[in-house]
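Please read the questions and answers below alongside the sequence and the 3D view. They are meant for someone meeting this structure for the first time.

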Amino acid sequence: MQTTKTLTKNDVLKSWFRWYMFAQSNYNYERMQATAFAHSMLPVIEKLYPDKEDAKAAVQRHLSFFNTEPVCGAVIHGITIAMEEEKANGKPITDGAFNGIKTGLMGPLAGIGDTLTQGIITPIMLAICIGITNNQNLAGPIIFLIAQFAIMTSIQLTMWMNGYTYGKKAVEQILEGGMINKVIEGASILGTLVMGGLVGRFIPLQTLISFDVGQVKFNLQTDLLDKLMPGLIPLALTLIVLSMVKKGVSPIKLMGILITLGAVTGILGIF
Amino acid sequence: MHISFLQAALIGIFYYLSWSPWFTYVGFFTFNRPLVAGFITGIILGQPLEGALIGAGINVIYLGFISAGGAQMGDPSFAGYVGTALALVSNLDVATAMAISVPLGTIATVLWIAKMTVNSFFVHWADREVEKGNVRRLAFINVFPPQILLFLVSFIPATLVVFYGPDAVSGMLRVMSPSVLHVFTVIGAMLPALGIAMNLKLIGNSFTMPFFVLGVILSVYFKQDILIIAIMGIVLALTVTSLRYSGKKDVNV
């Protein structure tokens with residue numbers, strides 16, 4: 001009769017810290033975050049499998065292709081740790097089961113994670129802190145640094161610990177509950193509003209075109225466009241670029257187009 | 001302003017650190033962004049506020065920057081550190097700094113691709129060591145070889161461009177007339193449209209786009225600060241979601 005092997009909270013935290021640091025350290029085209037995943041599992045594996053061959057087999061199963069968003073995807077690691085603990089205590093969990101869980105969850109969580117961390121939280125925090133900086137205030141970059149560390153670390157740690165504690169149920173809650181939709185929708189409203197604010201701040205395009213109409217000078221910007229809707233040119237430019245992005249024109253190509261457009265309109269005196 | 005080799009090397013080191021694990025994974029969300037890059041470069045060059053302002057401008061272009069599945073649209077960090085350094089030394093205004101940073105960031109994507117390719121070899125090294133039973137070796141392989149490689153492909157190019165670049169930029173500026181500089185200003189004013197559009201591709205839809213138009217009006221017509229607009233955004237987001245989701249909890253929309 002075997003004694004039960006249990007992990008302490010400290011073991012789970014040690015494992016998390018390795019992922020927190022080195023998730024992208026050896027990011028590569030062949031297996032993406034594979035070595036980082038296995039690296040983060042080492043403290044758990046060494047504790048659970050005193051037998052060298054068992055430990056080796058455990059590391060090897062986690063050296064397979066793995067790629068997710070490191071913050072929200074951390075729930076997968078939590079689940080994996082819980083599974084390893086059960087396996088070490090005699091539950092017949094196959095390598096295929098580990099792989100199934102990991103590859104099945106990494107895609108959806110990468111989608112949600114990238115949207116939340118790179119698409120919503122970071123741009124909103126940036127927009128606010130860029131705004132603060134622009135008022136000649138150095139608090140901008142400093143607040144940004146502190147806030148990002150606090151937000152990202154706490155999301156990742158919560159994901160990791162909940163994955164370990166609640167296992168698969170945790171993910172089902174995240175993926176299937178209405179909560180995540182509500183959060184993403186609310187954040188999207190905030191995000192789009194703030195993006196609009198940035199258009200006004202950072203795209204100060206005003207046309208220089210003017211005509212002489214009889215005795216009076218007619219300035220296209222002040223006499224017509226500003227009366228129709230201020231910020232019409234920056235708004236139109238952004239919407240045109242957006243429609244091209246949606247059509248699949250690559251960002252690098254769009255940069256080229258914008259640089260050319262800026263050069264031509266600048267030389268012609270349109271702007 | 002003259003840039004010493006030590007200053008150039010410090011900027012190179014921070015550029016390396018911004019892609020490294022040493023600031024934890026959150027380094028990617030902080031030291032990697034041009035806002036922070038500009039601030040740090042400014043501190044190294046003795047002009048923190050100017051640096052932060054230039055970094056803030058460059059960052060708008062990369063607002064929609066998303067690195068997903070290893071694909072990249074340029075290197076915002078390179079544009080941030082190197083672009084700010086060149087702009088400060090050559091006394092460029094923010095719009096011109098933005099215009100010169102973008103090509104820098106685009107070229108630097110090559111460094112990322114090189115790293116991602118060579119790193120694949122280290123995975124095989126890890127396979128071999130684990131096969132031999134050296135399980136702990138994996139920790140070493142996941143950290144040190146890729147970091148030495150990253151240091152070489154990031155520190156060296158960034159330091160060299162920061163150290164030798166200002167001559168090229170000032171040579172370029174000398175032959176430029178004010179009208180050419182005006183063209184740079186126009187380009188600098190157009191590029192943020194890309195960063196904003198990239199982000200809107202993700203969060204903009206028929207339901208949220210009216211809020212985007214509202215944001216433009218608040219900023220251009222009512223001349224509100226981003227901070228005030230963000231606070232209004234939070235109020236709107238809370239109100240709208242609680243209205244839309246009231247009474248249909250746990251239902252996918």
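Q: Which residues are linked with R31(A) in a network of salt bridges?
A: The model is a predicted one, and a search of the whole of it finds 13 salt bridges over all chains. Some of these bridges join up into a network, and the one that holds R31(A) also takes in residues of chain A and chain B, namely E30(A) and D127(B).

Q: Which residue's side chain meets that of E185(A) in a salt bridge?
A: E185(A) has its place in helix α8 of chain A, which covers residues 179-202. Leaving aside neighbours within four places in sequence, E185(A) is in contact with F207(B), T241(B), R244(B) and Y245(B). Of the salt bridge partners, the one whose side chain meets E185(A), at 2.6 Å from N to O, is R244(B).

Q: Why does the pair of E185(A) and R244(B) join two chains?
A: The two side chains meet in a salt bridge of 2.6 Å, N to O. The pair joins two chains because E185(A) lies in helix α8 of chain A, whereas R244(B) lies in helix α11 (residues 226-245) of chain B.

Q: Is E185(A) buried or exposed?
A: A residue counts as buried when its relative accessible area is under 20%. R244(B), the salt bridge partner of E185(A), has 32% relative accessibility and so counts as partly exposed. E185(A) itself has a relative accessible area of 12%, and therefore counts as buried.

Q: Where in chain B does D225(B), the residue that pairs with R201(A), lie?
A: The side chains of R201(A) and D225(B) meet in a salt bridge of 3.3 Å, N to O. With relative accessibilities of 28% for R201(A) and 27% for D225(B), each of them counts as partly exposed. The pair joins two chains, since R201(A) lies in helix α8 of chain A, while D225(B) lies in the loop between α10 and α11.

Q: What separates K56(A) and E53(A) along helix α3 of chain A?
A: The side chains of K56(A) and E53(A) meet in a salt bridge of 4.0 Å, N to O. K56(A) counts as buried at 12% relative accessibility, whereas E53(A) is exposed at 53%. Because they are three residues apart in helix α3, which covers residues 52-61, the separation is about one helical turn.

Q: Is S219(B) buried or exposed?
A: S219(B) lies in helix α10 of chain B, residues 209-220. Its contacts, apart from neighbours within four places in sequence, are with G196(A), G197(A), G200(A), R201(A), Q224(B) and I229(B). With a relative accessible area of 10%, S219(B) is buried.

Q: Which helix gives the largest share of the largest nonpolar core?
A: This core has 162 residues, and the members that touch the most others are V59(A), L205(A), I196(B) and F212(B). The largest share, 16 residues, comes from chain A, from helix α5 (residues 95-134).

Q: Which residue of the second, separate core is a valine?
A: The second core is separate and has seven residues. Among its members are I189(A), L193(A) and L218(B), and the valine is V240(B).

Q: What accessible area does the nonpolar patch around L152(B) have together?
A: L152(B) is found in helix α7 of chain B, residues 137-174, and at 47% relative accessibility it counts as partly exposed. The surface patch is formed by W22(B), F140(B), F144(B), I148(B), L152(B), I156(B), L160(B) and Y164(B), and their accessible area together is about 780 Å².

Q: How many helices does chain B have?
A: From the N terminus on, every element in the run of chain B is an α. The secondary structure has zero strands, and the number of helices comes to eleven.

Q: What distance separates the centres of the two domains of chain B?
A: Chain B is divided into domain 1, residues 5-203, and domain 2, residues 205-252. In chain A, where the assignment gives domain 1 (9-199) and domain 2 (204-268), the centres are separated by 42 Å. For chain B the distance, taken over C-alpha atoms, is 32 Å.

Technical notes
Residues are numbered from 1 along each chain as its sequence is written. Chains are lettered from A and ligands numbered from 1 in the order in which they are written. This is a predicted model: local features need pLDDT of at least 70, side-chain atom pairs count only at pLDDT 80 or more; totals for chains, interfaces and linings use all residues. Side-chain values use heavy atoms; hydrogens and water are left out. Domain bounds come from an automatic or database domain assignment. Patches are made of residues with over 30% relative accessible area and no salt bridge: like charges are joined within 9 Å, nonpolar side chains (Val, Leu, Ile, Met, Phe, Trp, Tyr) within 5 Å. Accessible areas come from the Shrake-Rupley method with a 1.4 Å probe; for residues, only the protein chains shown count as cover. Helices (H or I, at least four residues) and strands (E, at least two) are DSSP runs, numbered from the N terminus. Buried means under 20% relative accessible area, exposed over 50%, partly exposed in between (1.4 Å probe, protein chains only). A nonpolar core is a set of buried Ala, Val, Leu, Ile, Met, Phe, Trp, Tyr and Cys residues joined through side-chain atoms within 4.5 Å. Contact means heavy atoms within 4.5 Å.
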